[in-house]
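Colleague: Got a minute to go through this one with me? I'd like to talk backbone angles and sheet layout.

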Amino acid sequence: MKTQVIIRQLIDALGADRVLEGAAMEGRHAHIWKMEEPLVALCIVLPVSTEEVARICEICHAHRQRMVVHGGLTGLTGATIAEAGDVVISLERMDGIEEIDLYSRVMLVQGGAILEQVQEAARERGLFFPLGFGARGSARIGGCIATNAGGVNVIKYGMTRNLVLGLEVVLPDGRIINGLKKLVKDNTGYALSQLFIGSEGTLGIITRAVLRLSALPSSRQAAWLGFRDFEGALAWLRQSETALGGKLSAFELLWGDTYEAQTATSGPYKAPLAHGYPLYVLMETQGRDSDKDYMELASLLEEGITSGQFEDAVLAQSAADLQWFWNIREDVSIMAGIAGYVQSFDISLPIRDIGEYVSSVKAAVEALDGVVKAFAFGHLGDGNIHFLVCKHSGSAELKAAIDELVYGPLAGYQGSVSAEHGIGLDKKRWLSLSRSAEEIELMQQIKQLIDPYGLLNPGRILDIPEKP
Ligand SMILES: Cc1cc2nc3c(=O)[nH]c(=O)nc-3n(C[C@H](O)[C@H](O)[C@H](O)COP(=O)(O)OP(=O)(O)OC[C@H]3O[C@@H](n4cnc5c(N)ncnc54)[C@H](O)[C@@H]3O)c2cc1C
C-alpha cells in the first residue's frame with residue numbers, strides 16, 4: 001500500500017516517535033477553538049530541523065502525497081483542517097530563537113517559535129517585536145508570516161510583511177530556499193521572501209525567519225473614549241494622528257453593544273467608561289518618556305472633550321489598567337460565549353465608508369433567524385473591521401446567508417473579504433470579489449510553477465484548474 005510505504009519512509013527519516021498515526025494522534029486537533037474535534041489525517045509528523053522538513057517534502061513529493069502545514073492552529077479560515085489521507089506537518093518542535101543581533105536589530109527564529117516568546121525575547125534585550133494580537137500565546141511565527149498577520153499595532157509598524165527581512169522556505173518538492181539575509185536594502189531581483197508572506201502555506205513551508213525589531217517603547221499610554229457617531233471617531237483618528245506625530249500605535253473601535261458585552265457586570269472586566277455610547281475607541285501611544293507622554297495624551301483628551309469631539313474619556317493610570325483596557329478589546333471569548341456557534345469576519349474597506357457599511361450589514365445579519373448578535377469591532381486606523389456573529393445554529397444555509405450579507409456589499413466599496421486572516425478554505429468562494437480574473441489566473445500560474453501537483457496545503461486560497 002502506498003500509504004504504508006510513505007509512513008515507513010517518514011519513520012526512517014524522523015524516527016517512530018515523531019510520526020504519529022492512529023491512536024498516537026489522540027488529543028490532536030486542527031484548531032484551538034475546536035479542541036474537542038479530533039484531528040483527521042493519515043499521520044502527523046514533527047520535524048526538528050529544516051533538513052527534516054525537506055526530507056518529508058521529498059518523500060511526499062515522490063509519492064504525490066498531499067501535505068497540510070500546522071502552526072499554532074489559531075487561523076480563522078479553516079486552513080489547517082486536513083483530510084483522512086493527508087500528512088500533517090507540524091512545526092511545533094521547531095520553536096527556537098536562534099539569534100538576536102543587537103546591531104542589525106534583527107532576530108533569527110525557527111518557524112514554530114511562539115509569537116509571545118518572540119516578543120518576550122526581544123523585550124529582554126531592550127528591543128520590540130511589534131506584531132501583536134489576542135492569539136499571541138499560541139500563534140507561531142511561521143503561521144503569522146504565512147497569513148501576513150496584522151493585529152493592533154499596524155497603524156504604527158505595518159503588517160507582518162513589513163517586519164520580515166528574510167525567510168528560509170522548503171518548497172513542496174523538498175528544495176530549500178535560503179533567503180535569510182539581514183539586509184534592510186537588497187534590490188537583487190525579485191523579492192522572493194515576500195512571495196511566501198501571505199501565501200498561506202500554499203507555496204512553501206517557512207522554517208526560519210529573520211525578523212526586524214524596533215526600539216522598545218519605554219512608555220505606553222492608553223485611553224477609552226466614548227463617541228456619539230462614526231464621523232466623530234473618524235475625525236478624532238485623523239486629528240490625534242496629526243497631534244501625536246508618530247506616537248499613535250493603536251486606534252481600535254468597538255460598537256456600543258460590543259463594548260457592553262465585553263464589560264457586562266456578569267463578566268470579568270468592569271467598564272472603564274459608562275455604557276450607553278454608540279461607539280467606543282481604545283487608543284494607545286508608544287513613546288520614550290512616561291510623564292511627558294501621559295501629559296501629552298491627557299491634554300489632547302481634555303481638548304477633545306472641551307471642544308465636544310467626544311463625550312467622555314478615561315486614561316490608564318498604571319500597567320494594570322493598561323492590561324485591563326486591552327483585555328476588553330482582545331478577550332473575544334466573552335462575546336463568543338453568548339451563543340453556541342460563532343462565525344468571524346475580517347473585512348476591510350475605505351475608512352470613510354465603514355460607519356454606513358457596518359450599520360446596514362449588522363442590522364441585516366441580526367435580522368436573520370438563528371443569529372443572536374453581530375458584534376462589530378476592529379482596527380479603525382487600518383480600515384479593518386471584524387464581525388463576530390454569534391448564532392444558535394451551525395447550519396450551512398445560515399452560514400451562507402451571513403457570508404452573503406457581509407461580503408456581498410464589499411464589491412461596491414472596493415473592499416477586501418480578508419484584511420488579515422487570509423482566504424484559506426472558508427473564503428475561496430469570495431476571492432473573486434476582491435481580486436480580478438487576471439490576478440487569480442496569475443496566482444494559479446505561480447502555484448502551478450512551484451507546486452505542479454498541488455500537494456502543499458491543497459485547495460487553500462484557490463483551486464488549480466485541471467490541465468486540458
Ligand atoms: C483570538 C484570536 C485573535 C486573532 N487576532 C488576529 C489579529 O488581530 N490579526 C490577525 O492577523 N490574525 C488574528 N488572528 C488569526 C490568527 O491568530 C493568525 O492568522 C495567525 O497568524 C495564525 O498563526 P498560527 O501559527 O496559529 O497559524 P495556523 O493557524 O497554524 O495556520 C494558518 C495558516 O498558515 C499556514 N502555516 C502555518 N505555519 C506555517 C509555516 N511554518 N509555513 C507555511 N505555512 C504555515 C497553515 O497551513 C495555514 O494555512 C486571531 C485569532 C484568534 C483565535
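Modeller: Sure, starting here: Arg64, just after H2, takes a positive phi of about 55 degrees. Bear in mind this is a predicted model, where local features need pLDDT of at least 70, side-chain atom pairs count only at pLDDT 80 or more, and totals for chains, interfaces and linings use all residues. Residues are numbered from 1 along each chain as its sequence is written.

Colleague: What span does H2 reach from its first C-alpha to its last?

Modeller: Helices are DSSP runs of H or I with at least four residues, and strands are E runs of at least two, numbered from the N terminus. H2 covers residues 50–62, so 13 residues, and the expected span is 1.5 Å times one less than that number. The model comes out close to the expected 18 Å, at 18 Å.

Colleague: Is Asn148, in the loop between H4 and H5, buried or exposed?

Modeller: Phi of Asn148 is near 45 degrees, positive though the residue isn't glycine. The cut-offs, with C-beta atoms placed from the backbone, are 20 or more other C-beta atoms within 10 Å for buried, 12 or fewer for exposed, and partly exposed in between. Asn148 has 22 such neighbours inside 10 Å, so Asn148 counts as buried.

Colleague: Which strands stand at the edges of the open four-stranded sheet?

Modeller: The order is E1-E2-E4-E3, with mixed pairing, where two strands pair if DSSP finds at least two bridges between them. Each edge strand has a single partner strand, so one side is left without a neighbour in the sheet. Those are E1 (19–20) and E3 (67–70).
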